[in-house]
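Work through the exercises below with the structure open. Each task is followed by a solution in steps.

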Amino acid sequence: SKSLPSLSPPGPRGGPWGGRAPPVTPFSPGRRALLALVRRSRHREVPLWDLQRGKAPPGTRLGVPFLLHDLLGAQQLQSVPTTAGPLLRLAEP
């Protein structure tokens, strides 16, 4: 019996992305869901612990910590230190 070829060759560590994280597009469902959550909050800011304790939005392949790190790196969210812990604020355009 002949095996079916895979759509993408596995990398050195296995998996279609070769040990790297899957590509995140600017409009991925996870990014949209977290940004929408911050937009709907009061004053467009949310405590970091509040987002970390929640589960990943539906349709995402990545966890909330990765998505938060990605949004902070893309400068779509700003981290503001407070006495109660970091506060994530929507970056102004």
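The exercises concern a predicted model and deal with strand pairing, salt bridges and burial.

**Exercise 1.** Find how strands β2 and β3 are joined, and state which way they run relative to each other.

Solution.
- Locate β2 at residues 77-80 and β3 at residues 87-90.
- Count the bridges between these strands: there are 4.
- Compare the directions: β2 and β3 run antiparallel.
- Look at one bridge: glutamine 78 has arginine 89 in β3 as its partner.
- Inspect the connection: 6 residues lie between the two strands, which form a hairpin. In its turn, glycine 85 has a positive phi of about 115°.

**Exercise 2.** Determine which residue forms a salt bridge with arginine 89, and which strands the pair ties together.

Solution.
- Apply the cut-off: a side-chain nitrogen of Lys or Arg must lie within 4 Å of a carboxyl oxygen of Asp or Glu.
- Arginine 89 meets this with glutamate 45, as their closest N and O atoms are 2.9 Å apart.
- Arginine 89 belongs to strand β3 and glutamate 45 to strand β1 (residues 45-47), so the salt bridge ties together parts 44 residues apart in sequence.
- Check exposure: arginine 89 is partly exposed at 31% relative accessible area, and glutamate 45 is partly exposed at 23%.

**Exercise 3.** Aspartate 70 forms a salt bridge with arginine 31. Decide whether aspartate 70 is buried or exposed, and do the same for arginine 31.

Solution.
- Start with the distance: the closest N and O atoms of aspartate 70 and arginine 31 are 2.6 Å apart.
- Place the residues: aspartate 70 lies in helix α3 (residues 64-73) and arginine 31 in helix α1 (residues 29-40), so the pair links parts 39 residues apart in sequence.
- Recall that buried means under 20% relative accessible area.
- Aspartate 70, at 19%, is therefore buried.
- Arginine 31, at 7%, is buried as well.

**Exercise 4.** How many salt bridges are there in total, and what is the exposure of arginine 53 and aspartate 50?

Solution.
- The count is 3 salt bridges.
- One of them joins the side chains of arginine 53 and aspartate 50, at 3.0 Å from N to O.
- Arginine 53 is exposed, with 63% relative accessibility.
- Aspartate 50 is partly exposed, with 29%.

**Exercise 5.** Describe the setting of serine 28.

Solution.
- Serine 28 sits in the segment before α1.
- Its relative accessibility is 12%, which means that serine 28 counts as buried.
- The C-alpha atoms of serine 28 and leucine 67 are 10.0 Å apart, while the residues are 39 apart along the chain.

Definitions and conventions: Residues are numbered from 1 along each chain as its sequence is written. This is a predicted model: local features need pLDDT of at least 70, side-chain atom pairs count only at pLDDT 80 or more; totals for chains, interfaces and linings use all residues. Side-chain values use heavy atoms; hydrogens and water are left out. Two strands pair if DSSP finds at least two bridges between them. Buried means under 20% relative accessible area, exposed over 50%, partly exposed in between (1.4 Å probe, protein chains only).
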